[in-house]
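I opened this notebook to keep track of what I looked up, one topic at a time. Each entry notes what I wanted to know and what I then found.

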Amino acid sequence: MSLNWSSKEPKTQNQPVAAGQKRTRNDAGNKVTVVLGAQWGDEGKGKVVDLLATEADIICRCQGGNNAGHTVVVDGKEYDFHLLPSGIINTKGISLIGNGVVIHLPGLFEEGDKNEKKGLKGWEKRLIVSDRAHLVFDFHQVVDGLQETERQAQEGKNIGTTKKGIGPAYSSKASRIGLRVCDLLGDFNDFSTRFKNLIHHYQSMYPSLKVDVDDQLKKLKDFAERLRPMVRDGVYYMYEALHGPPKKILVEGANAALLDIDFGTYPFVTSSNCTVGGVCTGLGIPPLNIGDVFGVSKAYTTRVGIGAFPTEQLNAVGELLQTRGHEVGVTTGRKRRCGWLDLVILKYAHMINGFTAIALTKLDILDVLDEIKVGVAYKLNGKRIPHFPANMDILHKVEVEYETFPGWKTDTSAARKWNDLPAKAQNYIRFIENHIGVPIKWVGVGKSRECMIQMF
């Protein structure tokens, strides 16, 4: 199966240029292919990554932490990934955790060991971790829970975080008191002092926070030795990969556009940039090296936790999507809220990310519906608004304008090519494509690799 990887341009990067000669601009090197969520997460990015990862030389994570949840089914075995790139399944590829990721070491090793029992062999030898990545500590996770409780008490609502410590870890990073992988592997006495200072910082805000410092430091010292063989300077590693021999490099986004700290439905968002800019900052690569950007969207919409959700269906349709789609969070086990496909958010995600193609997943979940609606515009006080609102009060008030399609009432789960799909399903797909102005490259009709219909 040809997966149309971003091509390598001719390069002169590593060839010396004679004095006084102008360097040509065709030295971009290899391009990275990026897979990003186009909704509120849980779109099936892992499945698309898994398809591409079979041919990839390097598979990277660039942001987020173990708040991500990707499920991949291979040979009937189901693997769950949170911190590890889901491309770690590819025994011929290298998986890289970039500097933009925040790493909870107990979570990383627990995840690796758990998947190893299911058959994931040799993962530690295929994993590279950037020395500039920040660490998530157990107390960050406790603080995450304390902050949620505090929000609930003060405002009557929380954000609905995964309580994995991601927000507090990124806060430590932005406050310049965080600790990185390179600190852990450096002078341990210095690391211990800074670790204690970081705990005091949080204890001054949350007096109820209790930490067994000696126990934590002992565990971290053990983790440091297990981690040491995997650690590299991520910037140099990526530079060499981009400017060496031709390589297929894949970047796996975590979370999604509408959860982006800048562009998402703030404050009900994650703490990192899960749009395309996060690829450059989270790996240390230039925009020039970004190739294809594939957006992943379900054939309907889901959201975990609270926050505005204009096309949500609090009715039998929502329940049907929830049960048929098994819409339960991989990371949290929470039921996902469900609704019709919202093309306003897809167009907005495309404006930010510049998708070159879309993967539309879980089309088969719609097989039993008599009619299917698609949100095409938002109205406020009866008038169409031309943009996706930043203000959450406005987003809560919008009225959605829908296009209605007849259901195809046919089982699509056995479809393996475009012509196997019923005409009404094809019309639905073509409408989405034309409305957002991005071609749909894959259509998913089931859980396994084989269920992704490739269109071109």
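**Entry 1: cavities.** I began with the largest cavity, whose volume comes to about 60 Å³, in a model that is predicted. Searching the whole structure, I found 2 cavities of 30 Å³ or more. Which residues line the largest cavity? I wrote down His104, Pro106, Val136, Phe137, Asp138, Gln216, Lys219, Leu220 and Phe223. Helix H7, which runs over residues 213-227, supplies the largest share of that lining, with 4 residues.

**Entry 2: nonpolar cores.** Next I turned to the cores, keeping in mind that in soluble globular proteins nonpolar side chains tend to be buried together. The largest nonpolar core here holds 73 residues, and the ones with the most contacts inside it are Leu283, Ile290, Leu363, Leu366, Tyr378 and Tyr428. Helix H11 (residues 343-353) gives the most to this core, namely 6 residues. Apart from this core I noted another one, of 42 residues, which includes Phe137, Val143, Leu198 and Leu209. Phe137 also appears in my list for the lining of the largest cavity. I then picked Leu366 to see what surrounds it, and, leaving aside neighbours within four places in sequence, I found contacts with Ala299, Tyr300, Leu321, Ile372, Trp408 and Tyr428.

**Entry 3: the "active site" positions.** I looked up the UniProt record, an unreviewed entry, and saw that it places the feature "active site" at Asp42, His70 and Lys173. Where do these positions lie relative to one another? They span 132 residues in sequence and the farthest two C-alpha atoms are 26.2 Å apart, so they do not all gather at one spot.

**Entry 4: His70 and Lys45.** I found His70 in strand S3, residues 70-74. Is His70 buried or exposed? His70 counts as buried because its relative accessible area is 6%, and the cut-off for buried is under 20%. Leaving aside neighbours within four places in sequence, His70 is in contact with Lys45, Gly46, Tyr79, Asp80, Phe81, Ser86, Glu252, Gly253, Ala254 and Val330.

I followed one of these contacts to Lys45, which lies in helix H1 and is buried, with a relative accessible area of 4%. Beyond its neighbours within four places in sequence, Lys45 is in contact with Val35, Leu36, Gly37, His70, Gly253, Ala254, Asn255 and Val296. When I checked the rest of H1, I saw that the helix is mostly covered, with 9 of its 9 residues buried.

**Entry 5: Asp42 and Arg336.** Asp42 sits in the loop between strand S1 (32-37) and helix H1 (45-53). I recorded Asp42 as partly exposed because its relative accessibility is 24%. Not counting residues up to four places away in sequence, Asp42 touches Lys298, Thr302, Val304 and Arg336.

That list led me to Arg336, which I found in the loop between helix H10 (316-324) and strand S13 (337-339). At 8% relative accessibility, Arg336 counts as buried. With residues up to four places away in sequence again left out, the residues that Arg336 touches include Asp42, Lys298, Gln322, His326 and Val330. I also noted that a polar atom of the Arg336 side chain lies 3.1 Å from the backbone oxygen of Val328.

Both Asp42 and Arg336 turn up in the "binding site" that UniProt lists in its unreviewed entry, together with Val330, Thr331, Thr332, Gly333, Arg334 and Lys335. From this set, Val330 and Thr331 belong to the lining of the second largest pocket.

**Entry 6: helix H4.** My last stop was helix H4, residues 166-174, in which Ile166, Pro168, Ala169, Tyr170 and Ser172 are buried. What do the buried residues of H4 pack against? They pack against strand S6 (102-103), strand S8 (134-135), helix H3 (138-155) and helix H6 (188-205). Just after H4, I noted that Arg176 takes a positive phi of about 65 degrees.

Methods. Residues are numbered from 1 along each chain as its sequence is written. This is a predicted model: local features need pLDDT of at least 70, side-chain atom pairs count only at pLDDT 80 or more; totals for chains, interfaces and linings use all residues. Side-chain values use heavy atoms; hydrogens and water are left out. UniProt positions are given in the numbering used here, feature names are shortened, and annotations may be inferred rather than shown by experiment. On a 1 Å grid over the protein atoms alone, a cavity is a set of points where a 1.4 Å probe fits but cannot get out, and a pocket is an open set with protein on both sides within 12 Å along at least five of seven lines; lining residues have an atom within 4 Å of a point. Helices (H or I, at least four residues) and strands (E, at least two) are DSSP runs, numbered from the N terminus. Buried means under 20% relative accessible area, exposed over 50%, partly exposed in between (1.4 Å probe, protein chains only). Contact means heavy atoms within 4.5 Å. A polar contact is a pair of N or O atoms within 3.5 Å; within protein, one must be able to donate a hydrogen and the other to accept it, and residues adjacent in sequence count only if both atoms are side-chain atoms. A nonpolar core is a set of buried Ala, Val, Leu, Ile, Met, Phe, Trp, Tyr and Cys residues joined through side-chain atoms within 4.5 Å. Grid points are joined across faces, edges and corners, and a volume is the space filled by probe spheres set on the points.
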